[in-house]
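Colleague: Could you take a close look at one part of this model for me? I'd like the contact between the two chains, walked through in one go.

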2 protein chains.
Amino acid sequence: MDIATRVYNHKWKIDPIVRSLIDTDFYKLLMCQSVFRNKPDTQVTFSLINRSTSVPLAKLIDEGELREQLDHIRSLSLSRGESTWLRGNTFYGKRQMFRPDFMEWFEGLRLPPYHLERKGDQYELTFEGSWPEVMLWEIPALAVLMELRSRAVLDQMDRFELQILYARAMTRVWEKIETLRGIDGLGIADFGTRRRHGFLWQDWCVQAMMEGLGSSFTGTSNCFIAMRREVEAIGTNAHELPMVYSALAEDDAALARAPYDVMSDWHEEHDGNLRIILPDTYGTQGFLDNAPDWLAGWTGIRVDSGDPAAAAEIAIRWWQERGEDPREKRVIFSDGLDVDKIAELHRQFSGRVKASFGWGTLLTNDFRGLVPDEGLAPFSLVCKAVSANGRPTVKLSDNPEKAMGPAEEIARYKRVFGVGAQESMDVIV
Amino acid sequence: MDIATRVYNHKWKIDPIVRSLIDTDFYKLLMCQSVFRNKPDTQVTFSLINRSTSVPLAKLIDEGELREQLDHIRSLSLSRGESTWLRGNTFYGKRQMFRPDFMEWFEGLRLPPYHLERKGDQYELTFEGSWPEVMLWEIPALAVLMELRSRAVLDQMDRFELQILYARAMTRVWEKIETLRGIDGLGIADFGTRRRHGFLWQDWCVQAMMEGLGSSFTGTSNCFIAMRREVEAIGTNAHELPMVYSALAEDDAALARAPYDVMSDWHEEHDGNLRIILPDTYGTQGFLDNAPDWLAGWTGIRVDSGDPAAAAEIAIRWWQERGEDPREKRVIFSDGLDVDKIAELHRQFSGRVKASFGWGTLLTNDFRGLVPDEGLAPFSLVCKAVSANGRPTVKLSDNPEKAMGPAEEIARYKRVFGVGAQESMDVIV
């Protein structure tokens, strides 16, 4: 595959960005099955949020093209081969991870309508409907916007410039991989679907990881690529579960319980390496301090905001206090990683915990400095559940820059979850 | 064009390396026409000389494959389009550079037989016959050996490794070009045919130079690429003229005159930018000291061995002594150049002379450090006239490492041309 040529050819025809309903993150499907069982009738609204207001998406991306891509996604359904793979494949060592009733529902699924409106230089893009359906919009919507933005910049380049661009980007990724290859005992997965430069590029990055890292490359979060490249599909759960559960809470007491209700539902459904705590939705320290004892028996924790080393230390102390051996526990770092940070965290924590890494944006979208005015640099785009059954959702995070929700609700959540002062950190990616 | 894919596909079929009789250096054709007029019946032997004995060509390259490639070259004749281009194109501002009688001869030409024998880890490859025919073997023979050696190494690599290899090599060339772009008033041509990594790669490098340097890129020595890419064909004359003329000399007095006889014949045939002195065959200093006055009126000089700055200074002093203004003279540097050296020489000589550059091996074959054991690093392979009408040729050069010929003849030439101690310099490329 010659990416430069493919990209160049894009200029003359419509080329779908998302070609499969499983071109999405594995944890979306795990969570979807959980929601399908536990909260199928919850009505949610997901909304696009561009934290990088300096990137004027509506100026860069033609509305017609965007609608064309989103409409194409609505035309997709699970193919026979995809269904067979989901039903028959072993995920995390388990056969039939996806239950027959869920698979039947998924096989019949088409994604629900979207609402798109230009607001100044940004797009308002929202999805409303039942939670299990709407939640599957998140990843393809982000992938479409990321890739249309890439194409807007690439369209200005001639074939030769494209060739040099990809030669440089490939060289950069490969040099990162060579650095990682030097790290003894590394375990790292691709988590880059949502912020990828483009589909072909993510697919190439996964091949580079396979080639360069061998068994240190533990898999990709992208189901479609995992299937095509025959690597493990990786992922557990995300903030949307506690955010929606919390929004549904009837009072402060129920709110305080909600994040643990999520864990409890998950506990019934999954074991082993899928029992990974994501503790930072309303502050890691408070979440762990107030956690029920059985949660300390889980396999590990995912660190997705704030100072990762500090969060890992909190987890280690917590396990020790609960009589668990941290050396037996997995800590998955997944926030804003690049090779230096990965090497540093690995040095700091290997031997003390089972450290592993979910590498996202700076694997699949590091085009920094390769075109003028950083036209292809990654930016911070998310698509989040903003309300559930008419109530706003709230995220506090370990980094106030990543907080979201109405101010008065944020204040209430801070009170209920006992979150005090937080250290603000730049959200680069 | 996706070079990695093309290279990968080479593994399954015979793919001719030289596809055209004009896939050769332009100066070969100019010299051939001159020889065709002045010395058509001279019998010469050209021979392959691998100065890099550490590269075991006969171990790397299969003899059958080598014969297949050489046989293919013998099957080539000038195509109609090539002939039209040579007859109709303007070279160095001149129409009908190639005379009708030469073109008729060239149109009927097939290259003469070759003699190939394995000697230990090297090949003995010689060409015997009339000078105008045999001399056209030099460049395609080198191109075939260089590219078969590249293929021997590339054949061991899988598709992904090839993609990374070319991504890195492209990035390297492009970064060199970006450095050159910063040099005000630069004039630079591709002289890399004979030492190229491969044909496709040279063609890509020329496109990169066109794209990156605009009018600072003055053209390529390769006629086939010049025709296809519509850039200037560049080149004047080479050591083989004084070497053969000298070998033909009947006595010492005739030998002392021979290099000037070459210039005299050239003077009758060419003017303007084609009047470029190549003074180093038997020592630059002596050649200029003993040169006839009319030679100082020539347009410039080509510096191809020894310390380039020292040679340029010798030329500047010589012009001054002969009442010429060096600022009106062209100095073409063409030996072992890379960007740093180019930048340095440009700084040192721009304004003092019209400096320009013929960039060869480290443009079209800089794969240093890209595969283990420097398997693709350039090496010093030449194909030279070793005898003329049964007498050995001699080259002294400004660098004794580049000298060639029987010891007693070298001693005689040193005496005749008054060459004393010379400073030895590594021949990297």
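Modeller: Sure. Contact here means heavy atoms within 4.5 Å, and this is a predicted model. On that rule, chain B brings 19 residues to the contact and chain A brings 19 residues. Putting the two together buries about 1,700 Å² between chain B and chain A, with carbon and sulfur atoms giving 55% of that. On the chain B side, the residues losing the most area to chain A are Phe160(B), Gln163(B) and Arg168(B), which together make up 33% of what that side buries.

Arg168(B) turns up again in the charge pairing: Arg168(B) makes a salt bridge with Glu178(A), and their closest N and O atoms sit 2.6 Å apart. In general, side chains of opposite charge can pair when their charged atoms come close. The rule finds three salt bridges across the interface of chain B and chain A. Polar contacts cross the interface too, with seven residue pairs found, both partners at pLDDT 80 or more.

As for where the chain B side comes from, α9 (159-181) and α10 (199-213) of chain B each supply at least two of the residues touching chain A. The largest share is from α9(B), at twelve residues. Sorted by type, the chain B residues that touch chain A come out as eight nonpolar, three polar and eight charged. For a wider view of the charge pairing, the structure holds 68 salt bridges over all chains.

Conventions. Residues numbered from 1 in each chain as written. Chains lettered and ligands numbered in written order. Predicted model: local features only at pLDDT ≥ 70, side-chain atom pairs only at ≥ 80, totals over all residues. Heavy atoms only, no water. Buried area = accessible area lost by both parts, 1.4 Å probe. Salt bridge = Lys/Arg side-chain N within 4 Å of Asp/Glu carboxyl O. Polar contact = N/O pair within 3.5 Å; in protein donor to acceptor, adjacent residues only side chain to side chain. Helix = DSSP H or I, 4+ residues; strand = E, 2+ residues; numbered from the N terminus. Nonpolar A, V, L, I, M, F, W, Y, C, P; charged D, E, K, R; others polar.
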